Amino acid sequence: MTDRHVPLIERFRDRLPFAEGDPLVSLQEGSTPLLRAPILSEMLGATVRLKLEGANPTGSFKDRGMTCAVSAAVREGAKAVVCASTGNTAASAAAYAARAGITCAVIVPEGKIAQGKMAQTLVHGARVISLAGNFDQALTLVRELTANHPIVLVNSVNEFRIEGQKTAALEIHEDLGGELEALCIPVGNAGNITSYWRGFREMGAAPRLFGFQAEGAAPLVEGRVIEHPETVASAIRIGNPVRWEDAMAAATDSRGSIRSVSDEEILAAFRLLASREGMFCEPASAASVAGLLKYGTDGAEQIVCVLTGRGLKDPETAIAHNDGMIIQCAAETGPIEEAVLGDP
Ligand SMILES: *Cc1c(COP(=O)(O)O)cnc(C)c1O
C-alpha cells in the first residue's frame, strides 16, 4: 500500500527527478478521488469514472506539476518564478511560491481570467500583470523574459511540470489495476495529455487517449494556429499549444484522437455533471465529458474522464449557466409555501 498522506514527490519519488534530501515545496497535492459516475455510465453503457483533480490544494491538476517545478526552482536557488496563465497556472504558482517564500509574477490576458482564479492569485501575494493581449502572446513574452533573467518559467514548457502531472496517470493505474481502456481529457496547452501518456507508458499501460478542445480554440484539430481563440472554457482558450507535437504523438500512439466540442456541448455537460452527478467542475473540465457524450465510447468499457479543475473557480459562468432557479418571495407564509412546493 502506498501512503497517500505525503507530498506527491515523496509518494512517487522513484518515478520523479528528486532525490532524498532535496527541498520539497508541497501543499499535500495529488492522491485525488476517482469517483464512479452512475448517470454517465448508464447513458453510455460503460463504466465511467471521474478523476477529481479539483480536489488538489488550489483546485486544479496544476498543483501536481507546480510542486515539482517550484521544488526544482528552489533547489536551483531561484528567488522568483513567472508564468503566463489563463488562470489556474497562476493560482497554483502563486500558492507554491508563497509556500516557498519566493516571488511570483504572473502574466494574464486582460479581462479573460475567471474570478476565483484571480482571487487566489492575488491573495497569495503574486504580482499580477494584466496584458493587453491573449495567452499565446503572454507566453511568448515570458519565454523571452526568462531567457534573459534569472527567473524560472513554470509554464508547461517546464519539464518538471510534465513530470509531476504524469502522477495522475500513475494513480489511475494503481486504482484500476491496468483495466482502463479510454481516458477523456480537455486539451489546452496540451501539457496534461502529454503527461498522462508518459505516465501510462511508464506503467506499461496504453489506454486510448481522447483529447477534446473547444471548437473556437482547436488548433490541434484544425492543424493550424488559431490567432484569436474563443470559448467559454477559459482554461483551454489557447491558440498555439506549447506541447503540440507531444500531444499529437500521445493521441496517435494510444490509438486515440483529438477532437472538438462546441461551447453549447461543454455547457450541457457542465450542467449535467453538476445537476445529476453532483459534481461541480469548471467549464474546461466538462469538455472531457462533452466529448465522450458527443463521440461515444468507441467500444471502451472502462473509461475515466479527467475533471481538471473545480467549479468554484469560475462563479460567473456557473451563475450564467445552470439548472437551478431563484424565486423572489415576500416574507410571508403563503408565498413561501408556493415558492417551495408549487410547480416551477
Ligand atoms: C490547464 C487546464 C487545462 C488544460 O491543460 P493543458 O495541459 O494546458 O492542456 C484544462 N482544464 C483546466 C481546469 C486547466 O486548468
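Ala190 is a buried residue, since its relative accessible area is just 3%, and buried here means under 20%. In this predicted model, Ala190 sits in the loop between β7 and α9. Its backbone is a bit unusual on paper: phi of Ala190 is near 75°, a positive value in a residue other than glycine. Arg255 also has a positive phi, about 60°, and is likewise not a glycine. The setting of Arg255 is another loop, the one between α11 (244-253) and β9 (257-261). With 56% relative accessibility, Arg255 counts as exposed, whereas Ala190 counts as buried.

On to the overall layout. The domain assignment splits the protein into domain 1, made of 8-60 plus 160-320, and domain 2, which covers 62-158. Taken over C-alpha atoms, the centres of domain 1 and domain 2 are 21 Å apart. As for who touches whom, 50 residues of domain 1 are in contact with 39 residues of domain 2. Together the two domains bury about 3500 Å² between them, and 52% of that area is on carbon and sulfur atoms. Three residues stand out on the domain 1 side: Val25, Phe160 and Arg161 supply 25% of the area that domain 1 buries against domain 2, more than any other three residues.

Arg161 turns up again in the surroundings of Ser156. Setting aside neighbours within four places in sequence, Ser156 is in contact with Arg161, Ile162, Asn189, Gly191 and Arg243. Ser156 belongs to the loop between β6 (152-153) and α7 (159-165), and at 5% relative accessibility Ser156 is buried.

Next come the empty spaces. When the whole structure is searched, one cavity of 30 Å³ or more is found. The largest cavity holds about 300 Å³ of space. Its lining is made up of 30 residues, and those nearest the centre of the cavity are Phe61, Lys62, Gly188, Asn189 and Ala235. Several elements give two or more residues to this lining, namely α4 (88-100), α7, β7 (182-186), α9 (191-202) and α13 (283-295). The largest share comes from α9, with three residues. By class, the cavity lining divides into 12 nonpolar, 15 polar and three charged residues. Because domain 1 and domain 2 both give residues to the lining of the largest cavity, the cavity lies between them. Asn189 links two parts of this picture, as one of the residues nearest the cavity centre and one of the contacts of Ser156.

The largest pocket is a separate feature, with about 170 Å³ of space. Thr86, Pro109, Glu110, Lys112, Gly133, Asn134, Phe135, His228, Pro229, Glu230, Ser234 and Arg237 line the largest pocket. In terms of residue class, that lining has three nonpolar, five polar and four charged residues. Where does the largest pocket lie with respect to domain 1 and domain 2? Both domains give residues to its lining, so the largest pocket lies between them.

Methods. Residues are numbered from 1 along each chain as its sequence is written. This is a predicted model: local features need pLDDT of at least 70, side-chain atom pairs count only at pLDDT 80 or more; totals for chains, interfaces and linings use all residues. Side-chain values use heavy atoms; hydrogens and water are left out. On a 1 Å grid over the protein atoms alone, a cavity is a set of points where a 1.4 Å probe fits but cannot get out, and a pocket is an open set with protein on both sides within 12 Å along at least five of seven lines; lining residues have an atom within 4 Å of a point. Grid points are joined across faces, edges and corners, and a volume is the space filled by probe spheres set on the points. Ala, Val, Leu, Ile, Met, Phe, Trp, Tyr, Cys and Pro count as nonpolar, Asp, Glu, Lys and Arg as charged, and the others, Gly among them, as polar. Domain bounds come from an automatic or database domain assignment. Helices (H or I, at least four residues) and strands (E, at least two) are DSSP runs, numbered from the N terminus. Buried means under 20% relative accessible area, exposed over 50%, partly exposed in between (1.4 Å probe, protein chains only). Contact means heavy atoms within 4.5 Å. Buried area is the accessible area (1.4 Å probe) that two parts lose on being put together, summed over both.
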